[in-house]
Amino acid sequence: MNISIYCFLIVSALMLAIGIYGFLTRRNTLAILISVELILNAADLNFAAFNRLLFPAGQEGYFFTLFSVAISAAETAIAIAVMINIYRNLKNNFVENLDSMKW
Amino acid sequence: MDYTYTILILLLPFLSFLFLGLAGKWLSHRAAGLFGTTVLGVVTVLSYYTAFTYFTADRVDGVFQTLVPVNFVWLPFSDALHFDLGIMLDPISVMMLIVISTVSLMVHIYSFGYMHGERGFQRYYAFLSLFTMSMLGLVLATNIFQMYMFWELVGVCSYLLIGFYYTEKAAVAASKKAFIVTRFADLGFLVGILIFGYYTGSFSFDFTGNAVYAANAVHGVVPETSKALAAGGFILPTALFLMFIGGAGKSAMFPLHIWLPDAMEGPTPVSALIHAATMVVAGVFQVARMFPLWIQFAPETLHIVAWIGAFTAFYAAAVACAQSDIKRVLAFSTISQIAFMMVALGVCLPEGSFTDNHASLGYMASMYHLFTHAMFKATLFLCAGCIIHAVHSNEMEFMGGMRKYMPITHITFLIACLAISGIPPFSGFFSKDEILVAAFQYSGVMGWIMTGIAAMTAFYMFRLYYGIFWGTENKEYHAHHTPHESPAVMTVPLIILTVITCTFGWILPGTFGSYVSATGEAYHIHLDWSVAATSIGIALIAIGLATWIYSGARQPIADKLQATFPRLHRWAYKRFYLDEVYQFVTHRIIFGCISRPFAWFDRHVVDGFFNGLAWGTHASSNGLKTLQSGRVQQYAFVFLVGTLLLILMLIL
């Protein structure tokens with residue numbers, strides 16, 4: 001079964017658009033983080049799809065995807081740790097309310 | 001003869017001031033007073049010794065030499081023009097040494113009793129020392145700039161001592177008034193000095209250089225001819241008159257006299273020392289110091305000085321007749337007497353192009369009167385101090401009949417009154433007589449005016465005398481507070497000064513002129529009996545009039561006069577509303593019409609401009625800071641839009 005490259009591209013473009021939209025509009029830091037993950041995963045999907053389409057013998061795209069997943073997992077862990085600390089101190093994690101150090 | 005030790009005359013009181021000023025806090029009143037008085041005693045002895053050696057030294061060409069034992073250049077402006085500090089001894093400065101040290105010593109002793117137990121006793125003695133140093137420095141100055149410096153110092157001391165009771169509003173206001181008025185006049189002095197220095201190329205009191213300079217100028221042989229010509233013409237009189245304005249401020253000449261009556265808010269011994277005997281005659285001394293220039297280059301201007309003096313003398317005498325505060329009467333009498341000295345200087349005439357002792361008799365008369373006046377006016381003020389000490393009031397209505405309680409004060413006051421009225425054999429008679437002779441020599445009108453004012457002097461002094469010592473006693477007031485004679489520490493200075501007043505005129509007959517005269521050559525005083533007889537006669541009539549009006553228990557005539565001329569009395573009592581005129585001019589015209597628009601301009605235009613700048617910066621930054629919102633989502637949005645736009649641009 002041969003799935004068209006367009007299917008992958010459409011899915012990843014949708015994920016990117018949803019991620020950007022979520023990043024711009026969500027108020028909760030956790031939702032923003034999820035949006036960032038979506039953007040990253042859209043890029044990962046493209047890596048994998050284009051690797052298969054253009055260099056079927058190569059592995060670079062797959063490895064890069066794995067790297068990206070690992071790094072985003074680490075980033076998520078740190079981000080969530082920061083959020084938990086913010087929430088413990090401020091009892092809040094909505095971005096427009098986190099302005100006590102602003103001018 | 002080596003006079004280098006005279007530097008001690010200045011240094012000792014200065015050190016005493018430093019010591020008392022810095023360490024006074026830890027000294028007892030007694031120690032501070034004794035220290036100040038002892039130092040001043042040493043200064044007095046040195047002054048007397050200086051005077052003795054100076055006046056017994058040999059004359060050169062019939063003139064006492066002008067000596068400069070100490071001198072050093074302090075501030076060189078150019079090769080020729082420099083500001084020196086030094087000590088100059090000549091007949092008038094040596095005479096002033098005696099006057100200042102004597103009166104100052106008496107006041108130091110007297111204050112021991114008068115200021116007993118006052119708060120700030122040590123501070124008081126420190127200021128007295130500083131004043132004595134400044135005044136001595138003023139008279140010993142070798143140049144006009146040094147004189148100016150010490151001139152300002154005495155002004156400061158006067159300010160400090162008038163405001164000695166700084167918790168009282170009136171004293172603070174009076175001290176400020178004195179300082180501002182004299183400071184304002186000193187502006188004229190400074191401008192005069194600068195003009196003088198610029199055109200003659202020297203600040204020195206050694207005028208021989210100037211004389212050559214100006215004399216050559218007339219023939220046009222000085223290198224800078226135009227400058228020198230101007231100096232020989234009207235510049236020098238202008239400079240001298242500007243200096244006189246400074247002197248008029250210090251010596252309370254009309255219309256700059258307004259500060260002196262208010263200065264009586266200070267302690268009475270201070271009034272005696274500063275505002276009667278020494279500082280206020282600084283103006284007279286200054287004119288006398290510049291006298292060779294006045295008489296040679298500005299005799300017409302000198303006569304203006306005489307007329308200003310005559311008017312002041314009349315004005316002050318008229319006001320003195322109506323005052324009820326005894327110190328105010330004495331203050332106006334001081335103004336009047338200083339004006340007499342100014343008149344005496346002003347009526348001097350040049351003899352050809354030379355100074356002549358006979359034509360410039362007024363110079364000697366003025367210095368003579370300065371000397372005698374310092375003694376008897378200090379006596380009068382110190383007596384007033386005793387009376388105020390006893391009665392605790394300055395107003396005449398609380399006095400009357402004091403002769404029973406205070407015999408010593410009574411006698412000394414009476415003698416001083418007789419002296420100021422010009423009754424022989426007291427010293428005032430001799431000096432006043434010389435002034436009248438000089439005035440008559442100038443013009444008959446001036447002579448008669450001054451004789452009339454002398455009569456007014458006798459009248460108001462005896463009005464004061466009767467008001468204090470005779471008349472109705474304020475029994476009600478005295479009952480719960482019986483007046484008493486002052487302690488010896490206060491009466492002894494009175495007696496010493498009175499002895500000087502009694503004897504100075506005749507014990508050395510005619511000798512004053514042989515020491516101090518316009519040219520420096522001995523001038524033998526001979527009484528002009530026609531003038532003397534007239535002035536004695538008129539003074540006696542005036543005293544008689546005062547006796548008739550004021551000596552009784554009741555004063556029907558005085559009351560009637562007051563009722564007949566209520567406006568005149570009111571005007572004189574209010575000093576012819578001159579203070580109100582000043583108030584009007586300064587507050588309404590200068591503050592209201594000039595300062596206020598300026599202040600408005602400053603506040604609204606100048607400040608407004610800078611406030612506008614600040615406001616503009618603030619507003620624009622407020623606008624700009626919304627760009628840096630700190631909202632990452634907003635940044636991301638802008639970033640996104642920018643990227644999309646860039647991509648669009650690349651594609652299209």
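**Reading contacts, helices and backbone in a two-chain model**

Me: Where do I start with the contact between the chains, and how many residues does each one give to it?

Reply: Chain A puts seven residues into the contact, and chain B puts in seven residues. On the side of chain A that touches chain B, five are nonpolar, two are charged and none is polar. Do keep in mind that this is a predicted model.

Me: Thanks! Next, how should I read a pair of packed helices?

Reply: The general idea is that such a pair is described by the angle between the two axes and by the distance between them. Try this on chain B: the axes of helix α13 (residues 299-320) and helix α18 (residues 444-469) come within 9 Å and cross at roughly 25°. Because angles under 35 degrees count as roughly parallel, α13(B) is roughly parallel to α18(B).

Me: What is the handedness of the crossing of α13(B) with α18(B), and which residues make the contact?

Reply: The crossing is left-handed. From α13(B), the contact uses B:A306, B:A310, B:A313, B:F314, B:A317 and B:A320. Among the residues α18(B) brings are B:M446, B:I449, B:M450 and B:Y460. By class, this helix contact has 12 nonpolar residues, one polar and no charged.

Me: Now the interior. How many residues does the largest nonpolar core have?

Reply: The largest nonpolar core has 210 residues. Helix α15 (residues 361-391) of chain B supplies the largest share, 21 residues. Among the residues with the most contacts inside the core are B:V284, B:L345 and B:M367. Take B:M367 and leave aside its neighbours within four places in sequence: B:M367 is then in contact with B:I92, B:M95, B:A288 and B:V516.

Me: And the backbone: which peptide bonds are worth a look?

Reply: Look at omega. The bond from B:F254 to B:P255 is cis, with omega near 0°, and B:P255 sits in the loop between α8 (225-250) and α9 (259-262) of chain B. The bond from B:P424 to B:P425 is also cis, with omega near 5°. You will find B:P425 in the loop between α16 (407-421) and α17 (427-442) of chain B.

Me: Is A:K91, with its positive phi, buried or exposed?

Reply: A:K91 has phi near 55° and is not a glycine; its place is the segment after α3 (60-90) of chain A. A:K91 counts as exposed because it has 8 C-beta neighbours inside 10 Å, and the cut-off for exposed is 12 or fewer.

Me: What about B:A252: buried or exposed?

Reply: B:A252 has a positive phi of about 55° too, without being a glycine, and lies in the loop between α8 and α9 of chain B. With 29 C-beta neighbours inside 10 Å, B:A252 counts as buried.

Terms used. Residues are numbered from 1 along each chain as its sequence is written. Chains are lettered from A and ligands numbered from 1 in the order in which they are written. This is a predicted model: local features need pLDDT of at least 70, side-chain atom pairs count only at pLDDT 80 or more; totals for chains, interfaces and linings use all residues. Ala, Val, Leu, Ile, Met, Phe, Trp, Tyr, Cys and Pro count as nonpolar, Asp, Glu, Lys and Arg as charged, and the others, Gly among them, as polar. Axes are lines fitted to C-alpha atoms, for helices over the stretch in contact, and angles run from 0 to 180 degrees between N-to-C directions. Helices (H or I, at least four residues) and strands (E, at least two) are DSSP runs, numbered from the N terminus. Angles under 35 degrees count as roughly parallel, over 145 as roughly antiparallel, 65 to 115 as roughly perpendicular and the rest as oblique. A crossing is left-handed if the near helix is turned anticlockwise from the far one by less than a right angle, and right-handed if clockwise. A nonpolar core is a set of buried Ala, Val, Leu, Ile, Met, Phe, Trp, Tyr and Cys residues joined through C-beta atoms within 7 Å. A residue is buried if 20 or more other C-beta atoms lie within 10 Å of its own, exposed if 12 or fewer, and partly exposed in between; C-beta atoms are placed from the backbone.
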